[in-house]
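Please open the model in your viewer and keep the selection panel within reach, as this tour moves from one selection to the next.

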Amino acid sequence: MSNEYEFLRLLRVVSFSGFDPVPSDLNLVEEWIESQRGCLEEYADDIVLNFTDCHRAAAAELGINYPFEYALNVRFLKKGISYVWHRGIFYGGRKSPKRIEYYKLIRNSFGNIPGWERSIYDCVINNFELLYKHQSRLQKLTKHYRALRVSLEKI
């Protein structure tokens with residue numbers, strides 16, 4: 001198979017618009033933190049949307065329902081955003097499977113897959129690594145804010 005697929009042109013590094021400036025009033029910081037978490041969730045949604053668009057385009061171009069062997073699952077938790085890959089087992093073939101079973105994958109360890117498919121997963125993982133950098137910065141700010149609040153309450 002050729003590496004010159006049209007759907008590969010959909011791959012992109014999703015850009016993050018950045019955080020809003022931190023308010024100078026401490027009473028507004030909690031609201032600011034929540035709104036910035038919302039920004040990170042929108043960023044994660046954009047990553048998933050990019051992957052989904054690529055999946056749909058690949059399915060149309062290759063003429064099969066399930067062109068990718070691995071499915072992406074993103075979770076939005078209070079402590080942060082995380083993602084998990086699941087390997088699909090297609091009973092009856094990928095074109096129109098009778099049944100699909102998904103198994104959780106550990107440590108982004110993809111099996112023997114074509115190079116074009118691996119590049120799609122790598123792009124998604126790189127996007128999530130960028131998201132995690134921004135998420136880490138927000139978590140550090142939140143930790144410092146809470147420590148400041150506690151010390152101010154003691155005064």
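Begin by selecting Phe51, His55, Tyr70, Ala71 and Leu72, which among the 13 residues lining the second largest pocket lie nearest its centre. Bear in mind throughout that what you are looking at is a predicted model. The space around which these residues gather has a volume of about 170 Å³.

Next, colour helix H1, strand S1 (70-77) and strand S2, since you will want to see the elements that each supply at least two residues to the lining of the second largest pocket. Of the elements, H1 gives the most to this lining, with four residues. If you then colour the lining of the second largest pocket by residue class, you will find nine nonpolar residues, three polar ones and one that is charged.

Now move on to the largest pocket, which has a volume of about 230 Å³. Select Arg37, Leu77, Lys78, Lys79 and Gly80, the residues that lie nearest its centre out of the 14 that line the largest pocket. Two or more residues of this lining come from each of helix H1 (29-62), strand S2 (80-91) and helix H2 (115-154), which can be selected by those ranges.

Which element gives the largest share of the lining of the largest pocket? That element is H2, from which five of the lining residues come. As a last step, colour the lining of the largest pocket by class, where six residues are charged, four are polar and four are nonpolar.

Notes:
Residues are numbered from 1 along each chain as its sequence is written. This is a predicted model: local features need pLDDT of at least 70, side-chain atom pairs count only at pLDDT 80 or more; totals for chains, interfaces and linings use all residues. Side-chain values use heavy atoms; hydrogens and water are left out. On a 1 Å grid over the protein atoms alone, a cavity is a set of points where a 1.4 Å probe fits but cannot get out, and a pocket is an open set with protein on both sides within 12 Å along at least five of seven lines; lining residues have an atom within 4 Å of a point. Grid points are joined across faces, edges and corners, and a volume is the space filled by probe spheres set on the points. Ala, Val, Leu, Ile, Met, Phe, Trp, Tyr, Cys and Pro count as nonpolar, Asp, Glu, Lys and Arg as charged, and the others, Gly among them, as polar.
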